[in-house]
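Trainee: I'm new to this one. Could you walk me through how to read it?

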Amino acid sequence: MTDQQLHVPRGGAARGPYALDIDPERAGWTHCSLRVLDLGPGGTHHLTTGDSEWILLPLTGGCTVLVDGLGIELLGRDGVFGGVTDFAYLPRDAHAQIASGAGGRFALAGAKCERRLPARYGPAPEVPVEARGSGRCAREVRNFAAADTFACDRLIAVEVVTPGGNWSSYPPHKHDEHLPGKEAELEEIYYFEIDGDGLGYQRVSPSRPGGADLLAEVRGGDAVLVPDGWHGPSIAQPGHAMYYLNVMAGPGEEREWKIRFHPGHRTEGYR
C-alpha cells in the first residue's frame, strides 16, 4: 500500500450514510471494518450485519438499537474526551435499527467472523480503564472490547486518549505474524479525534521488505490502516489531546492480542 492508501483523510472514505466506511475490500485485507455514522436529531439507520459481528459505540450522543428482538438504549456521552461510554454488540446475520432522538456520531467496529454470538449491552461502568506508560508516554486505554474483557468471535477494539504533547502507541510494536505465544496476526484501523483544532502524527514503519511505511499528519475524522509493520508512535500536539479508536481482527484460531515491541526501543516505563 502507498502512504495515500494507508492514511484516509476525513471524508476520503465516505459512502452513503457513513462519514467513514472501510471494509476488507477497500482496505485490501480479510477481516477488519470500521464505519462512522452521523445521525441528525430523530435520525434512523438500518444495518444488515452480514458475515460480520459489530460493536456500536457512541462517539457523541446516545441512541437506541433494536436487534434480534432486543431493544438496547445507549446513553452515550458528550464526546470521546468525556470518558467511557456504553455500547452494543450486534451479531452476524442480523438486522439492526439504530435511532437517535437528539442525534450523534456513532462508530461501528466490525470483523468478519464464524460464530454467531448473542446481541448484548455493554455497560460503561464495566469498561476497564488502564493508565499506561509514564511521563510523556502516559495515556489512558479504555479496554471496552479487548480480547480478555468482552466476548466476541474475532473483533478486538479499544480506545486510547493521549494528553497533548504526549506519545502513545509506543514503543513501536507489531502483530503481523502468527508466532504461538509471542505474536498474533491482526489487521488494525486507527480512527482519530483531536481536541480542538489540533493535529497529531502517526508512524508506521516496515517490518519486512516492501511493508507498510507511513508518517502522516492526522486530524479529527482521519483514519490510518495498519495491514502490517511496526506502528507507533502516535504523537499528540501540545495543548490538544488525541483520541483514537483501535479496531483489530485477524485469521488466528484464538482471539488474542499478542504483540512484539521493536527491538530498537527500550520499553521500561512506556508500554
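Mentor: We'll take cysteines, two strand residues and a pocket in turn. Bear in mind that this is a predicted model, where local features need pLDDT of at least 70, side-chain atom pairs count only at pLDDT 80 or more, and totals for chains, interfaces and linings use all residues. Residues are numbered from 1 along each chain as its sequence is written, and side-chain values use heavy atoms, with hydrogens and water left out.

Trainee: How many disulfides are there?

Mentor: A disulfide is a pair of cysteine sulfur atoms within 2.5 Å. By that rule the count here is 0. Take Cys32: the closest cysteine sulfur, in Cys152, is 12 Å from its own, too far for a bond.

Trainee: Is Cys32 buried or exposed?

Mentor: Buried means under 20% relative accessible area, exposed means over 50%, and partly exposed is in between (1.4 Å probe, protein chains only). Cys32 has 0% relative accessibility, so it counts as buried. Cys137, at 7%, counts as buried too.

Trainee: Where does Asp38 lie?

Mentor: Strands are DSSP runs (E, at least two residues), numbered from the N terminus. Asp38 belongs to strand β3, residues 32–39. With a relative accessible area of 37%, Asp38 is partly exposed.

Trainee: And which residues is Asp38 in contact with, beyond its neighbours within four places in sequence?

Mentor: Contact means heavy atoms within 4.5 Å. For Asp38 the partners are Pro17, Ala19, Gly104 and Arg105. Ala19 is 19 residues away in sequence, yet the C-alpha to C-alpha separation is 6.8 Å. With Arg105 there's a side-chain to side-chain polar contact at 2.7 Å. A polar contact is a pair of N or O atoms within 3.5 Å; within protein, one must be able to donate a hydrogen and the other to accept it, and residues adjacent in sequence count only if both atoms are side-chain atoms.

Trainee: What does the side chain of Ser52 make a polar contact with?

Mentor: The side chain of Asp51, at 3.4 Å. Ser52 sits in strand β5 (residues 52–67) and is buried, at 4% relative accessible area. Leaving aside neighbours within four places in sequence, its contacts include Pro91, Lys112 and Cys113.

Trainee: Which strands each supply at least two residues of the lining of the largest pocket?

Mentor: On a 1 Å grid over the protein atoms alone, a pocket is an open set of points where a 1.4 Å probe fits, with protein on both sides within 12 Å along at least five of seven lines; lining residues have an atom within 4 Å of a point. The strands are β11 (129–132), β12 (139–145), β13 (156–162), β16 (187–194) and β21 (242–249).

Conventions. Helices (H or I, at least four residues) and strands (E, at least two) are DSSP runs, numbered from the N terminus.
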